[in-house]
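Me: Could you take a close look at one part of this structure for me, the surroundings of the ligand? I'd like a connected walk through it, with whatever else helps to place those residues.

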Amino acid sequence: MYQLYVDFMSQPSRALMILCRLNAASMGQALEEKRVLIHKKEHRTDEYKELNPLRQVPCLVKRGAGQSVDFRLPESCAILRHLCERFSLSDWYPSAGGVEQLEKQAYVDSALHWYHSTLRKGCGGLTFHKVVAMNLGVQPNEAIAVDCKAVLDRALGTMERVWLKDRSFVGGSRPCVADLLFCCELEQLNMFYAPVDGMDFDSIMGPFPEVRAWMARVAEATSPVYEEVHKFLRFASKMRHEKLSKVPAKL
Ligand SMILES: N[C@@H](CCC(=O)N[C@@H](CS)C(=O)NCC(=O)O)C(=O)O
């Protein structure tokens, strides 16, 4: 039995939840979602550290007889790949068999590797310093936020020019694991509230209509699971916007 440790507010966690929920039938009863609430610091407990010494979500754990931990795997890209290989989800991550398949797999791998130092760094860093840091009692750094915004803009441009050029999805004519990961990353921009943050989802995405259209395609192709998994983020965004709209504007 596999257990997937996740938080609804974590982008890579949501990508994994979408993959697993959409493919529940192929995976049988083999996988259970377990919540780790980052805002309650549950990822810092000794119990969780035993499972994932990196103290982050997501993390995959395989339990054997008597609930013993037989295998543990941190890092979203490794987990996405492993689950696809383990449960033969080759529509989501091409399985290696013959040169053509191997090349398709390598192409998806290159998208997964690209993500970390580009989309993740820009979008995750910007969101952390504009939205998340305050909630965790960490001092936000505006200079880092500005750098991350530049990284994000470059990454969105690269998505239009490279990953989405002449194709509906990063995976081609249908979404692959990279589409899930990229899309869930960008969804967190919905937390931004323009009058206070100086930007929001619409203003960030304005210059990148192809990315925006692709996000709608990913959501539609994975409906209704996509919205189910993003329900909590939508709620948290709404709460934040309402709260900030009551803060008197600075003179
Ligand atoms: N490279 C990791 C990043 C995971 C990550 O940054 N997880 C965040 C949530 S999205 C986390 O656990 N943050 C808590 C912390 O780092 O203390 C992956 O792709 O899985």
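Reply: Happy to help; what follows starts at the ligand and works outward along the chain. Please keep in mind that this is a predicted model.

Let's begin with the neighbours. The residues around the ligand are S10, P12, I38, H43, Q56, V57, P58, E75, S76, H116 and R120. For some of these, there is a polar atom pair to look at. The side chain of E75 places a polar atom 2.7 Å from a nitrogen atom of the ligand. Q56 has a polar side-chain atom 2.9 Å from a ligand oxygen atom. H43 also faces an oxygen atom of the ligand, with an N or O atom of its side chain 3.1 Å away.

Now to the backbone beside Q56. V57 and P58 are both among the residues around the ligand, and the peptide bond that joins V57 to P58 is cis, with omega near 0°. Most peptide bonds are trans, so a cis bond is worth a look. P58 sits in the loop that runs between helix 3 (46–51) and strand 3 (59–63). On the other side of helix 3 is the loop between strand 2 (31–35) and that helix, and K41 is found there. K41 has a positive phi, near 60°, although K41 is not a glycine. Most residues other than glycine have a negative phi.

Two other ligand neighbours, P12 and S76, lead us into a helix pair. Helix 1 (residues 11–22) packs against helix 4 (residues 76–86) at an angle of about 10°, and their axes are 10 Å apart. Helix 1 and helix 4 are therefore roughly parallel to each other. From helix 1, the contact uses P12, A15, L16, L19 and C20; helix 4 brings S76, I79, L80, L83 and C84. Sorted by class, this contact of helix 1 with helix 4 has nine nonpolar residues, one polar residue and no charged ones.

For comparison, here is another helix pair. Helix 7 (residues 177–187) and helix 11 (residues 225–245) pack at an angle of about 25°, with axes 11 Å apart. These two helices are therefore also roughly parallel to each other, and their crossing is right-handed. Helix 7 takes part through C183, C184 and E187, and helix 11 through Y226, H230, L233 and R234. The classes in this contact of helix 7 with helix 11 are four nonpolar, one polar and two charged residues.

One last stop is just before helix 11. The peptide bond from S223 to P224 is cis, with omega near 0°, and P224 belongs to the loop between helix 10 (209–221) and helix 11.

Conventions
Residues numbered from 1 in each chain as written. Predicted model: local features only at pLDDT ≥ 70, side-chain atom pairs only at ≥ 80, totals over all residues. Heavy atoms only, no water. Axes fitted to C-alpha atoms, helices over the stretch in contact; angles between N-to-C directions. Helix = DSSP H or I, 4+ residues; strand = E, 2+ residues; numbered from the N terminus. Parallel < 35°, antiparallel > 145°, perpendicular 65-115°, else oblique. Left-handed = near helix turned anticlockwise from the far one by under 90°. Contact = heavy atoms within 4.5 Å. Nonpolar A, V, L, I, M, F, W, Y, C, P; charged D, E, K, R; others polar. Near = heavy atom within 4 Å. Polar contact = N/O pair within 3.5 Å; in protein donor to acceptor, adjacent residues only side chain to side chain.
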